[in-house]
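User: I'm new to this one and would like to work through it piece by piece. Could you put it up so we can start?

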Amino acid sequence: MEPLDRDKLPTHLAIIMDGNGRWAQQRMLKRIVGHQRGAETVKMVVEQAHLLGIKYLTLFAFSSENWSRPPIEVRALMTLLKKYIRQETARMMRKNIRYNVIGNRGDLPDDVNRALDDAIVETAGNTGMVLTLALSYGGRQEISQAAARLARDVASGKLSAGDVTVDAFGTYLDTGGLPDPDFLIRTSGEMRISNFLLWQLAYTELYFTEINWPDFTINELRKALADFQARERRFGRTSDQIIKRNDPLNA
Ligand code: IPE
Ligand code: IPE
Ligand code: MG
């Protein structure tokens, strides 16, 4: 098992769970079987993140662009999502995990929304990890909708244009209240962001692995986290400044 420093874990871990379809197709199975196996990986990652004490876990489960997939795959994904939510809520309660959703919930089928509402209400008082599902989510859509809401507030006099700072803008996003991700993992070898958290990833450490999501294991997760722990996050400063800042004699 990959050793980890419990004090240097990301506060917020975000994951683009990719490669379910290819995993299945390589095995002559239907793509939906890959999604079903992918749901098992989700359970493992949620469990591990909870055990490690990660405070925020955000999973890209369905993008705004994924609506363009064949209707049969979209339907199967929605059914799987509803089943996952219904089945996992009891476990979330035991682990003190709170559900959160980002994205355009209005696009989702009513039965999925009902399952989400029930899960969100039931877990609302939980104080452990926040599990955010990005559903019908697109970063550009989120930013443009935030800009529209902000414009309305300026027009109505609730806010003046001069008050539009980075922090103020952030509160208009779906992720208002969540810290930016420290670490992003994308599986399946694709090296792109695919419209995920465009604003929030400004200073996130990125990690890409060839492993398809259904094959992503506990040790692959630990390997990724160990990689994060070896990085120096400079936020525009110099390396010397970072070393001095971490040295108690120079604090
Ligand atoms: C990720 O796996 C799951 C979703 C996007 C819903 P894919 O379905 O994108 O798998 P590939 O990329 O086709 O292999
Ligand atoms: C990104 O994966 C969306 C999710 C993981 C939900 P895609 O498989 O849809 O990404 P692209 O279109 O190949 O970039
Ligand atoms: Mg994909």
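User: Which residue has a polar side-chain atom 2.5 Å from an oxygen atom of ligand 2?
Analyst: A heads-up: this is a predicted model, where local features need pLDDT of at least 70, side-chain atom pairs count only at pLDDT 80 or more, and totals for chains, interfaces and linings use all residues. Residues are numbered from 1 along each chain as its sequence is written, chains are lettered from A and ligands numbered from 1 in the order they are written, and side-chain values use heavy atoms, leaving out hydrogens and water. A polar contact is a pair of N or O atoms within 3.5 Å; within protein, one must be able to donate a hydrogen and the other to accept it, and sequence neighbors count only if both atoms are side-chain atoms. At 2.5 Å from an oxygen atom of ligand 2, the residue you're after is Ser194.

User: And which residue has a polar side-chain atom 2.6 Å from an oxygen atom of ligand 2?
Analyst: Ligand 2 has a ring of residues around it (each with a heavy atom within 4 Å), including Ile16, Phe60, Arg186 and Ser194. The side chain of Asn66 puts an N or O atom 2.8 Å from an oxygen atom of the ligand. For the 2.6 Å distance, it's Arg192.

User: How far is an oxygen atom of ligand 1 from an N or O atom in the side chain of Asp18?
Analyst: Ligand 1 sits among residues such as Met17, Asp18, Gly19, Gly21, His35 and Leu77. The backbone helps out too: a polar backbone atom of Gly21 is 2.9 Å from an oxygen atom of the ligand, and one of Gly19 is 3.4 Å from an oxygen atom. For the side chain of Asp18, the distance is 2.8 Å.

User: Let's turn to the sheet. Which are its edge strands?
Analyst: Helices (H or I, at least four residues) and strands (E, at least two) are DSSP runs, numbered from the N terminus, and two strands pair if DSSP finds at least two bridges between them. Six strands make an open, parallel sheet, in the order β3-β4-β2-β1-β5-β6. Its twist averages 20 degrees from one strand to the next, going by axes fitted to C-alpha atoms. The strands that pair on one side only are β3 (98-102) and β6 (205-208).

User: At what angle to β3 does helix α4 run?
Analyst: Helix α4 covers residues 110-123 and lies across both β3 and β4 (130-137). Angles go from 0 to 180 degrees between N-to-C directions, with a helix axis fitted over the stretch in contact. For α4 and β3, that gives about 135 degrees.

User: How many residues of β1 are buried?
Analyst: Buried means under 20% relative accessible area, exposed is over 50%, and partly exposed falls in between, using a 1.4 Å probe on protein chains only. In a regular strand the side chains alternate between the two faces of the sheet. Here His12, Ala14 and Ile16 point one way and Leu13 and Ile15 the other, all of them buried. So β1 is largely enclosed by the rest of the structure, with its buried residues numbering five of five.

User: Which residue in β5 stands opposite Ile16?
Analyst: On one side, β1 pairs with β2 in the parallel sense over five bridges, and there His12 has Tyr56 as its partner. Four bridges join β1 (residues 12-16) to β5 (residues 183-186), also parallel. In β5, Ile15 faces Ile185, while Ile16 faces Arg186.

User: How far apart are the end C-alpha atoms of helix α2?
Analyst: The expected span is 1.5 Å times one less than the number of residues. With 22 residues (31-52), α2 should therefore span 32 Å. The model agrees with that, as the end C-alpha atoms are apart by 31 Å.

User: What do the buried residues of α2 pack against?
Analyst: Among those buried residues are His35, Val42, Met44 and Leu52. Contact here means heavy atoms within 4.5 Å. The partners are β1, α1 (20-26), β2 (56-63), α3 (71-94), β4 and α7 (218-229).

User: Is Phe235 buried or partly exposed?
Analyst: Phe235 is in the loop between α7 and α8 (239-246), and has a positive phi of about 50 degrees although it isn't a glycine. Because its relative accessibility is 43%, Phe235 counts as partly exposed.
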